[in-house]
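Reader: Hi! Could you walk me through a structure, one small question at a time?
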Amino acid sequence: IVPMTKVSLNPDHLQTFITSLNDLADAAETAKNNIDNEIAAEGEPLNPFPSDEMMRISTAIENVRNRASELDDCKRKIVEVNESGVGTMDADGAITLEVSDDINTEEEMASWAQGSKDGADLVAIRTGKTPESKRTYEEVMASIRDNQAGAAYAEGVIDSIGVENLTNFPFRGSGDVVSDQATEIAETLGTLLASASRRWSKERAESVAETLAESVDGDVPNEYGHITVLNAMLGGHDADGDHVNDLKFNRYLLIGLAEHLDDIDLDDVNAEMHKSQFYSRAGMVLPDGCTDPMAGVLDAMGNNRFAALGYLAPTANDGSVDTSRVDALVGRKWDSTGLAGFAGAVAAAVALRRRLGARAVGCSAVSWGSSGVVVCPVGAIWGLYSPGVRDAVVPPAPRRGRCSAGDGAESLCAHGGAGPRVPAQPGLRQRSGRRKAPGRGVPQGSGPCTGTRRGGPAPSSHR
């Protein structure tokens, strides 16, 4: 449950107060000018001239005008939000909105209001309506892209759409075919979620994580397809091409998500994805969308070492380290997208352990050396090498034995056997500002992210 606060505003009453502030500033400006003129007319009788005092008066007048301008901007945006269908207005003209508890200042309120308005307009457009602002989809998305880095703004957009609706929202208005806008919207929602989440409390982040996970867990029909949206929101953001997720999410959001998403039965997801449309409970999927519930959240952990370590190898009160999750994930039926996310998360966790000077710990699949190097025994997992931690290169000729990366780079090393069936090839996760089709270079049907679907309902094995 997201903590919200009711905010009431009567625009007419606030306008009266704003006008009084401007009148006060005008009166003070007139009085100051009269003093200046009298001093000039008397031939500068004051010695020394009170320049400091006059400067303070000018500054005070400017502060009053700025305050009036800020309040007027906030009032205008709240009125626009209400005109977009958000909030209510009583018979006296008072507007009431429910605002996140994280909004604390007038500036944040104005940013939240702008985000809420853009979110409401996007909802209207995606449901086939014309927003009050008459803006087009392109104009609304341009405004969102311009403001998406602001936490209060991002909170406003998310509040308008609803956390519980984020993973199904890109499919709205699509009919039987997923529109070309769906992936763009999903990726943008991910950026907004990252921006908003960074200042959330642990409790708020965990609450949002639970809500998001429940929207994709398959408890009701057509939810499994939403996994593709969640993965697009969390993973694959790599505009600079360094193979590290560009987005920084709240650590508790990522840990909470992973703890819920790892309960989803991957085999059940895959089974539903390969049923005919008539029988499948998967619902709509994004074009080339990844259906492994863990792919996106692990990719995001690659840029949050605390989240990666907190999930993969949490430390108990007695100082012991639990690596059972690594054991379980090593045996998962990965494809290239999910595996790269997992390896990046492990590398991020190891990098933090090295920084903290933690002692070496072990599990059956991975040795977490105190030097920060991961050493994997035969048949463990395919790996990632790189000074940048995420520069993915799979050895072209895996060798038997144990290995580790040189120059202090974190690595995961794979040596045939029980490793995932991913082709040994360099450039496992090469991207250039856009999400790579998850299944490129992977045999058809070898995993949940093979990219064989082009959108719309879940694929049929009989078509």
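Author: Happy to! Let's begin with helix α6, where 15 of the 17 residues are buried, so that the helix is mostly covered. Keep in mind that this is a predicted model.

Reader: What span should the 17 residues of helix α6 have, and how far apart are its end C-alpha atoms?

Author: Helix α6 runs over residues 181–197, and the reckoning uses 1.5 Å a residue. The step is counted for one less than the number of residues. That gives an expected span of 24 Å, which agrees with the distance between the end C-alpha atoms, 24 Å.

Reader: Thanks! How is the aromatic pair of W334 and F342 arranged: stacked, tilted or edge-to-face?

Author: A pair of aromatic rings is described by the distance of the centres and the angle of the planes. The structure holds one such pair. In W334 and F342 the centres are 5.3 Å apart and the planes make an angle of 15°. Planes under 30 degrees apart count in one class, so this pair is stacked.

Reader: Which residue has its charged end over the ring of W334, and is that residue buried or exposed?

Author: The charged end lies 5.4 Å from the ring centre and belongs to R332, a residue of the loop between α13 (324–330) and α14 (336–356). Its relative accessibility is 15%, and the cut-off is under 20%. R332 therefore counts as buried.

Reader: Which side chain does R332 join through a polar contact?

Author: Leaving aside neighbours within four places in sequence, R332 is in contact with L266, D292, P293 and M294. The polar contact, at 2.8 Å, joins the side chain of R332 to that of D292.

Methods:
Residues are numbered from 1 along each chain as its sequence is written. This is a predicted model: local features need pLDDT of at least 70, side-chain atom pairs count only at pLDDT 80 or more; totals for chains, interfaces and linings use all residues. Side-chain values use heavy atoms; hydrogens and water are left out. Helices (H or I, at least four residues) and strands (E, at least two) are DSSP runs, numbered from the N terminus. Buried means under 20% relative accessible area, exposed over 50%, partly exposed in between (1.4 Å probe, protein chains only). Rings of Phe, Tyr and Trp (its six-membered ring) pair if their centres lie within 6.5 Å; planes under 30 degrees apart count as stacked, over 60 as edge-to-face and the rest as tilted. A charge sits over a ring if NZ of Lys or CZ of Arg is within 6 Å of the ring centre and within 35 degrees of the ring normal. A polar contact is a pair of N or O atoms within 3.5 Å; within protein, one must be able to donate a hydrogen and the other to accept it, and residues adjacent in sequence count only if both atoms are side-chain atoms. Contact means heavy atoms within 4.5 Å.
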